[in-house]
Amino acid sequence: MTKILYFLIGFVTLLSSALATGGLNGLPVLNGPVNPVVGNLYGMKRRVGDFIHPGLWHTHDDLERIRQGVLNGQDPWKSAFANFSTDSFSQSSYAMQGPKRVICRGGCSNYTTFTNDARAAYQNALMWYITKDQAHWDLSTNILDSWGTNLTDVIGVDTSLLVGLEGDMFVNAAEIMRWEGGWIEKGAKPGGGTGFSNQIYWLFARQSIIIGQANYGMASIKALLSFSVFLDDVSMYNYALNAYQNDLCAGIYGNFDPRTGQGAETGRDQSHASSAIGWAAEAARVVQSQGTDVYSLGDNLLLKAAEYTAKYNLGEEVTYDPKFYRCEAILINGPWAAPSNISRGLGQLSSTSKTQAVWDIIYYQYVVKRGLKAPWTTKAKQTYDAAGGEQRPTGSGLSDHPSWGALIWSYPYRGSFVNNNDRTIWGGGKLGPNGMGNINAS
């Protein structure tokens, strides 16, 4: 009896410690192992030095294309920047709303402060790069450091979605400020610390390892790709890249039917069907930044999916296979016998509701850059543009996508636009001799 009592006391103490210390201490709770990828995976990294920085949604060359387009008064960058630069989240006077020690999504909800601050950090990072105004640098890095040194746990049944959306936008801001702006996070030291990178690893990346289904799973995959590049984590990057290509519940082939482009969420509602396209495209953008083209996988399957969903949301009929649906559809009252009319349409559905901002990244990647025909995607973009274009969303979808597509995803014409991988910027944002970045340059 005494032994049992001591065991119970020890167990309760351990459990209390786990709950008190939270995810930042790396407790192996709900974050499974990163299974190593063996063999020859398309685009896999072989060593830590293979990573390109900055290399998430934007490489150095991408950022320069944006900046030069704005400075030279070229459209679509000029017009897009006119709206972007006046948005409240692009202002250096933005009042930070956090940080908090614990944020929660699902069963509880207190994460909107993080949503707003992550958006402001990202938009001010872009504003700094375009204008070189120190005030934007200060605002963005202050948000990164404040949350990075205070947040200790992310909880709730929708944790993976919270870190997959807000967390992804947050780390994209950090990638720009670290590699272009010379930002060194608070708490960074040889002995380790409690700063931003520790948070990214334990709270965000590790809690994304267990990948869900369909668009929910793709949100985790795209975020894991971003987190792993920021962290220079070869195993995690290959794990996420393998999931994108081969996970039959969450990857490209789990989300879209290779025969028609039908989405695994098409029978559920059109908001989820569209978000799957956007998140798959954003994941592919990170992989492109790392020197590999997965946009062309499955004979341009992502474009086929965009064409299918655009056509249906433009009011046309599409073929539908009721046997192609998301894994574990029973969790959301599926599967479904026909395409859903819920949230069907494009652009402004009501005074307070606008559909997912996913068309620019597809249009510029496939139609402009690659010169491919995509009539329904093109019409979807035109319809969306007529409703004001991809500006910052409002309401609960603030972190769903980066938006501002005409500014951040545009290409001027058809071309390869291959990033110069030798122009990696190493901490300081200054190019060294012959265009090469300097390691730890000040």
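How many nonpolar, polar and charged residues does the lining of the second largest cavity have? Let's work towards that in the exercises below, using this predicted model.

**Exercise 1. Describe the second largest cavity and sort its lining by class.**

Step 1. Start with the size: the volume of the second largest cavity is about 30 Å³.

Step 2. Find the residues around the space. The lining is made of Glu-282, Ala-357, Val-358, Ile-361, Glu-390, His-401, Pro-402, Ser-403 and Trp-409.

Step 3. Sort them. Ala, Val, Ile, Pro and Trp count as nonpolar, and Glu counts as charged. The result is five nonpolar, two polar and two charged residues.

**Exercise 2. Explore the largest pocket and say which helix gives the most to its lining.**

Step 1. The largest pocket has a volume of about 930 Å³. Its lining takes in 44 residues, and closest to the centre are Ser-271, Gln-356, Ser-396, Gly-397 and Asp-400.

Step 2. Look for helices that contribute. At least two lining residues come from each of helix H6 (159-179), helix H8 (214-231) and helix H11 (270-289).

Step 3. Pick the top contributor: H11 gives the most, with six residues.

Step 4. Sort the lining by class, as before. This time there are 24 polar, twelve nonpolar and eight charged residues.

**Exercise 3. Find the disulfides and describe the link of Cys-104 and Cys-108.**

Step 1. Recall the idea: a disulfide is a covalent bond that joins the sulfur atoms of two cysteines.

Step 2. Count them: the structure holds two disulfides.

Step 3. Check the distance. The sulfur atoms of Cys-104 and Cys-108 are 1.5 Å apart, and a disulfide needs them within 2.5 Å.

Step 4. Read the twist: 65° about the S-S bond makes this link of Cys-104 and Cys-108 right-handed.

Step 5. Is each cysteine buried or partly exposed? Cys-104 is buried because its relative accessible area is 3%, under the 20% cut-off. Cys-108, at 33%, is partly exposed.

**Exercise 4. Do the same for Cys-249 and Cys-327, and locate them in the chain.**

Step 1. The sulfur atoms of Cys-249 and Cys-327 lie 2.1 Å apart, and the two form a disulfide.

Step 2. With -85° about the S-S bond, the link of Cys-249 and Cys-327 is left-handed.

Step 3. This pair joins distant parts of the chain, 78 residues apart. Cys-249 sits in the loop between helix H9 (234-246) and helix H10 (252-255), while Cys-327 sits in the loop between helix H12 (297-313) and helix H13 (359-368).

Step 4. Cys-249 is partly exposed at 26% relative accessibility, and Cys-327 is partly exposed at 23%.

Step 5. Counting bonded cysteines along the chain, the pattern is 1-2, 3-4.

Technical notes:
Residues numbered from 1 in each chain as written. Predicted model: local features only at pLDDT ≥ 70, side-chain atom pairs only at ≥ 80, totals over all residues. Heavy atoms only, no water. 1 Å grid on protein atoms, 1.4 Å probe; cavity = no way out; pocket = protein on both sides within 12 Å on 5 of 7 lines; lining within 4 Å. Points joined across faces, edges and corners; volume = space filled by probe spheres on them. Helix = DSSP H or I, 4+ residues; strand = E, 2+ residues; numbered from the N terminus. Buried < 20%, exposed > 50% of the residue type's maximum accessible area, 1.4 Å probe, protein only.
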